[in-house]
Structures are given as C-alpha cells and as structure tokens.
Amino acid sequence: MSAVSRMEEIVETHAAMVRRIASVYEHHRDRVDDLAQEVWIAVWRAVPHLQSEASLKAYIARIAQNVCVTHVRRAVRQRTEPLSQALSDALTDSAPPVEEVIFQSQRLRNLLEAVRVLPDGLKPVASLFLEGLSIDEIAVALGISNANASVRLHRAKAALRLSLGDSS
Amino acid sequence: MTDADRDDRLLTVWQSGPRPDTATLLQDLARQTQSQQRQRGLIFALLGCVSVLVIFAEASGGLRTHGFLSLVWLTGLTLGALRWHKDRQTRSEILCLDTQRLLQVMIRRAKRGLTLARCLYAGTPVGALAGYAITQVTHISVAGTHKQLGLFQSVIGAMLLVVMIGVGLMTARARRAELTILTQKKQAFEKDL
C-alpha cells in the first residue's frame, strides 16, 4: 500500500475523532478546521515511524491531543463567537431528519460545552476518555501514572455529570 | 442506571456527531507543504543575498578582511542550516511524546527562541556598532576610490540591520506570549497531580 493510500485510509477512519478533539480547544469552525489540519500534518510526518498498527487510534489521539494542547498561536484571541453557528454548520451536512439533528445537536452541544469548561488538567483526560481510550492509553498519552489518570477521570466524569445533570 | 451505563451514554453522544468532509484534506495538506517549502525558499534566498553582499564587500576590496568575514558568515549559515534540518526531523517525534514532556520541550524551545530573538534585536545593533568601531580603529575598510559603492553597501547594510531588529522585536513578542501560555498550561496540567 502506498503512503498516500495508507494516509487516505487513516484519514477516513479517524477524521471524526481528530475533529472532535480539535473542537474541545477551539470554538469557531474555521479555527477547528485549521487546528485539525495541523494535527493531520503532524500525523502525516509521524505515521511512518509508527511501530504497531494496533495502537494507531491511541497514537493519533495522542498526537491530536498534543497539537491541541500546545497550539498557542490563537490562544490569546478572545473566544466570543457563539457555538451555535459552528455546530449548525457541521450538522447540516448530515442526512438525518431535522428533529434528530436538533436533538443530537442539543445533547452534543451541551456535552461539548461541558468538556470545554473543564479545568486544563481534566480536559485532556475527558476528551481521550470520550474517544474510547482506556485508562492505560490515557496515562501513556498524558505522561501520568494509571492511578493519576483514574483519579482525574473520576473528577472529570463528576464535573461532566454536574454540568449535564444526571437526568440527561 | 449504573456508572458504566452513564459512561456508555456519554461516549455514544460524543461520538454521534457527523463525520467531517475529508475529500479535500489531502490536497490541502499538499498545498500546505508547498506553501511551507516556498517560505523556506524565501528565507534561504534572503540569507543568500546577505551572503552575496558579504562576499562582494570583501571581494571588491571594500573590507581588508581577506575573506575572513565571508568564511565566518558561510560557516554560520551552514551550521544553522544543519541545525534547522535536524530540528525538522525531530519535530514529528516530539509530538509523539506524552503531553507533560511535550510541554516541557516546547517551553525550552520557546525560551531558546526568545534568547535568539533578543540576540537579533539587541545584539545586531551592538554588533554593527562594534564592527564599525573596529573598522575605524584597525582601518580595514578601504575608502576613497569607491565612495558610491561604499555608500551603497552602507545603505543596504543599514536596511538589513533595521529589518533584523524589527524581526527580532516581533519574534521576541511572539515567543514571550507563547512562553507565558505554555507555562500556564503546564502549571494547570500539573496542578491536579
């Protein structure tokens, strides 16, 4: 398989995950796209060095997390754009009926906002957990112990449930 | 509802968003790579012009340094290019580190960048003055028959100096902001340890 074909396959599989992680750190759609593109540039360079395919998802999630945590060029800007425009732009691309789109939009919107307002120490843990990574993978990605990752994840989940309300 | 059920619901909601359009992503990546290559080419061209200026100044007899300045400049340029090439190769490896170590590496780089920027905006005028003083004291500059050439070289040199100071000031400002933000992120990240 050529490098380009492999990259196409990787992009197809993990594009949604990269975009979700980028959405945690940027509000405006264009900035999310820019940040996602930075992630893909980093993945493009890093993938040839990957040892094992089994950990590809965790590998890409780690790179995405690192690019997002360390992107500082836009960090000083005031984040005043409302979420609704960005989210509605993203959701109008899909085919489901309007009611389902709105329902999903509201739930996803609430969850995304809840993750965004988490403290900086909990945000990476929460976003990696929501992507389905295990405690071990989260700990390795962030450079912390498994026990520390568990504690942070517990706090992140408690904070998310408080923001969202148990009923939802 | 158990905690596991709640976790599953969170994951389901989180991963229920629509897939982004990736049709043009690879083309965008290729365009981005080309743009970066063009920028690099521009920087090399500028440095090449400075090299030509230095070599020309010595070859035309404007300076009695017998090629020493050109040698120093070209050696510095070569070492800088090799260092840049090595940094480029390790950049992708750095992003594969865990987040804590990555933040530490980036903070070190930002500090290094800030130091270099300070050398640029503070060091170049000091160096230029020192160079001028040395040429006056040691009389290595040849004046007289090529006054217009000497004036031209001085004007170009002064313009380059202003550009370097300006670039140094802007770079220092950006690096300072970057250092502040990265340090805050690292502290916030470590706060929960």
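A residue is called partly exposed when its relative accessible area falls between the limits for buried, under 20%, and exposed, over 50%. The legends below use these words for a predicted model.

**View 1. A salt bridge joins B:Lys186 and B:Glu190 in helix H5 of chain B.** B:Glu190 has a relative accessible area of 28% and is therefore partly exposed. The closest N and O atoms of B:Lys186 and B:Glu190 are 3.3 Å apart. Four residues, about one turn of the helix, separate the two partners along H5 of chain B. Elsewhere, salt bridges with shared partners link A:Lys157, A:Arg161 and B:Asp7 into one network.

**View 2. B:Glu178 and B:Arg175 form a salt bridge within helix H5 of chain B.** The N to O distance of this pair is 3.1 Å. Both residues belong to helix H5 (residues 147–191) of chain B, where they lie three residues apart, about one turn of the helix. B:Glu178 counts as buried, because its relative accessibility is 18%. B:Arg175, at 26% relative accessibility, counts as partly exposed.

**View 3. B:Asp98 and B:Arg101 are joined by a salt bridge.** The closest N and O atoms of the pair are separated by 3.0 Å. B:Asp98 is buried, at 10% relative accessibility, whereas B:Arg101 is partly exposed, with a relative accessible area of 45%. Side chains of opposite charge can pair when their charged atoms come close. Over all chains, a search of the whole structure finds eight salt bridges.

**View 4. A:Arg152 of one chain lies over the ring face of B:Phe189 of the other.** The distance to the ring centre is 4.7 Å. As for pairs between aromatic rings, the structure holds zero of them over all chains. For the complex, the predictor gives an ipTM of 0.76 and a pTM of 0.73.

**View 5. A:Arg20 is in contact with residues of both chains.** The residue is part of helix H1 (residues 3–25) of chain A. With residues up to four places away in sequence left out, A:Arg20 touches A:Glu131 in chain A, and B:Trp14 and B:Gln15 in chain B. A:Arg20 counts as buried, because its relative accessibility is 15%.

**View 6. Helix H3 of chain A is largely enclosed by the rest of the structure.** Of the 15 residues of H3(A), 14 are buried. How far apart are the end C-alpha atoms of helix H3 (residues 56–70) of chain A? They lie 21 Å apart, which agrees with the span of 21 Å that 15 residues should have at 1.5 Å a residue. The chain around this helix has eight helices and zero strands, giving the pattern α-α-α-α-α-α-α-α along the sequence. Among the 168 residues of chain A, 51% count as buried. Of the contacts in chain A with a separation of 6 or more, 70% come from residues 24 or more positions apart.

**View 7. A:Leu122 occupies a loop between two helices of chain A.** The loop runs between helix H5 (98–116) and helix H6 (123–130) of chain A. Is A:Leu122 buried or exposed? With a relative accessible area of 6%, A:Leu122 is buried. A:Leu164 is 42 residues away from A:Leu122 along the chain, and the C-alpha atoms of the two are separated by 16 Å.

**View 8. B:Val137 is an exposed residue of helix H4 in chain B.** Helix H4 of chain B covers residues 99–138. B:Val137 counts as exposed, because its relative accessibility is 65%. B:Val137 and B:Arg40, 97 residues apart in sequence, are 39 Å apart in space, C-alpha to C-alpha.

**View 9. Confidence varies among the elements of chain A.** Chain A averages a pLDDT of 79, and 76% of its residues score at least 70. For its elements, the lowest mean pLDDT, 49, belongs to helix H4 (residues 83–91) of chain A, and the highest, 94, to H6(A). Over residues 77–86 of chain A, pLDDT stays under 50, and the model has 15 contacts beyond four places in sequence for this stretch. Residues 92–103 of chain A also have a pLDDT below 50, with five contacts in the model beyond near neighbours in sequence. Where pLDDT is low, the predicted coordinates should not be read in detail. In chain B, the average pLDDT is 81, and 92% of the residues score at least 70.

Technical notes: Residues numbered from 1 in each chain as written. Chains lettered and ligands numbered in written order. Predicted model: local features only at pLDDT ≥ 70, side-chain atom pairs only at ≥ 80, totals over all residues. Heavy atoms only, no water. Expected span 1.5 Å × (residues − 1). Buried < 20%, exposed > 50% of the residue type's maximum accessible area, 1.4 Å probe, protein only. Salt bridge = Lys/Arg side-chain N within 4 Å of Asp/Glu carboxyl O. Phe/Tyr/Trp six-rings, centres within 6.5 Å; stacked < 30°, edge-to-face > 60°. Lys NZ or Arg CZ within 6 Å of the ring centre and 35° of its normal. pLDDT = per-residue confidence, 0-100. Contact = heavy atoms within 4.5 Å.
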